[in-house]
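Welcome! Let us walk through this structure together, one region at a time.

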Amino acid sequence: MATQCVVIVLCGLPGAGKSSLAKRLAAADNEGWLIQIFSFDDHLYDPAMQGAGDSPSDAEQDSWKAQRMELLKMLQKSIEEHCSIGRKALPVVIVDDNMYYASMRHSVAQIARDLGCGFGVVMMDCTEETATMRNATREPSQIVDPLVIKRMAQRFEKPDGNKRSWEKHSVILKVEGSIESYTDEVYGLISLCQKNPLQPIVGPDEKAVAEARAITAANMLHQFDMASRKHLKKAMEIAPKDKKKVIAAELNSRRRQIMDALRNKSELRSLDVLLEDFSKKL
């Protein structure tokens with residue numbers, strides 16, 4: 001049964017040509033399709049914070065995960081709005097992001113499945129050397145640290161429909177020729193995805209449940225981190241001068257204990273309860 005909307009993930013290294021291809025697809029006369037681009041870079045998202053930096057701290061990783069969860073919510077809303085407007089043309093949403101881990105793409109696939117959309121993946125397969133060279137020609141504000149590109153290249157999990165059934169509609173484009181030479185393959189993929197949308201999962205999807213729990217935990221950790229900092233600042237403002245160091249050490253110790261428990265998913269209480277527990281030390 002054909003679907004009324006298609007979601008395509010466009011992934012690859014920074015500098016591989018993803019954004020250029022997405023813009024060309026959106027601007028072309030594409031057989032009755034209305035293409036919209038959702039670029040993670042356009043939504044206050046730093047590609048260098050994709051967990052591929054130089055030994056990111058726990059706080060940086062937690063902040064990145066929480067930010068990514070918010071972007072996925074924005075993406076879902078964008079897809080819903082794009083697909084809900086009555087029109088004769090087929091709504092197509094192209095998600096432009098590096099998405100070098102399969103789990104990143106799976107989060108988008110789950111959204112497409114929940115909304116009854118067709119889903120496909122296009123990878124711009126580019127060597128690290130080519131990506132680094134192209135990256136250097138970008139505007140200064142858009143240049144990604146070459147070390148980040150190197151580590152993404154080392155960790156990149158290419159689309160594989162044999163390993164992951166939700167990626168069975170995928171194409172890997174070798175970045176060699178002009179952007180124009182890739183459009184026909186992407187159009188063919190869109191048509192295939194329209195005719196073969198993702199099917200609802202019968203029974204619990206253990207992997208999806210685990211990923212959802214991980215995202216929820218990251219969001220809780222981020223919220224507690226921000227809120228507890230405010231509580232700590234307030235406590236320091238009213239604490240006696242001669243006791244500030246002792247109080248700060250005790251509060252920071254308790255704060256770290258709670259955050260470690262959240263990271264290990266052994267802390268199941270609500271944010272309000274966690275803050276109340278933390279505030280007992282104030």
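Which residue just after α3 takes a positive phi? That residue is Gly116, whose phi is about 70°. Please keep in mind as we go that this is a predicted model.

Now turn to helix α3 itself, which covers residues 102–114. Its 13 residues reach 18 Å from the first C-alpha to the last, close to the 18 Å expected at 1.5 Å a residue. Of those 13 residues, 11 are buried, so α3 is largely enclosed by the rest of the structure. Among the buried ones you will find Met104, Val108 and Ile111, as well as Arg105, His106 and Gln110.

If you step back along the chain from α3, you come to the loop between β3 (90–96) and this helix, and there you meet Met99. Phi of Met99 is near 40°, a positive value in a residue other than glycine. Is Met99 buried or exposed? With a relative accessibility of 0%, Met99 counts as buried, because the cut-off for that word is under 20%.

Val108 of α3 also leads us to the largest nonpolar core, which has 58 residues. Val108 belongs to the group with the most contacts inside this core, together with Leu75, Val95, Phe119 and Ile190. Take Leu75 as an example: leaving aside its neighbours within four places in sequence, Leu75 is in contact with Phe38, Val93, Val95, Val108 and Ile111. Apart from this core lies another, of 6 residues, including Leu221, Phe224, Ile258 and Met259. In soluble globular proteins, nonpolar side chains tend to be buried together.

Our last stop is a pair of helices, α4 (residues 128–136) and α5. How do their directions compare, and what is the crossing angle? The axes of α4 and α5 come within 10 Å and cross at roughly 155°. Because an angle over 145 degrees counts as roughly antiparallel, that description fits α4 and α5. The crossing of α4 past α5 is right-handed. Where the two helices meet, α4 brings Glu128, Ala131, Thr132 and Asn135, while α5 brings Pro146, Ile149, Lys150 and Ala153.

Finally, look at Leu147, which lies in α5 (residues 146–155). Leu147 is partly exposed, with a relative accessible area of 31%. Leu147 and Thr132 are 15 residues apart along the chain, and their C-alpha atoms are separated by 9.3 Å. Thr132 is one of the α4 residues that take part in the meeting with α5.

Key
Residues are numbered from 1 along each chain as its sequence is written. This is a predicted model: local features need pLDDT of at least 70, side-chain atom pairs count only at pLDDT 80 or more; totals for chains, interfaces and linings use all residues. Side-chain values use heavy atoms; hydrogens and water are left out. A nonpolar core is a set of buried Ala, Val, Leu, Ile, Met, Phe, Trp, Tyr and Cys residues joined through side-chain atoms within 4.5 Å. Buried means under 20% relative accessible area, exposed over 50%, partly exposed in between (1.4 Å probe, protein chains only). Contact means heavy atoms within 4.5 Å. Helices (H or I, at least four residues) and strands (E, at least two) are DSSP runs, numbered from the N terminus. The expected span of a helix is 1.5 Å times one less than its number of residues. Axes are lines fitted to C-alpha atoms, for helices over the stretch in contact, and angles run from 0 to 180 degrees between N-to-C directions. Angles under 35 degrees count as roughly parallel, over 145 as roughly antiparallel, 65 to 115 as roughly perpendicular and the rest as oblique. A crossing is left-handed if the near helix is turned anticlockwise from the far one by less than a right angle, and right-handed if clockwise.
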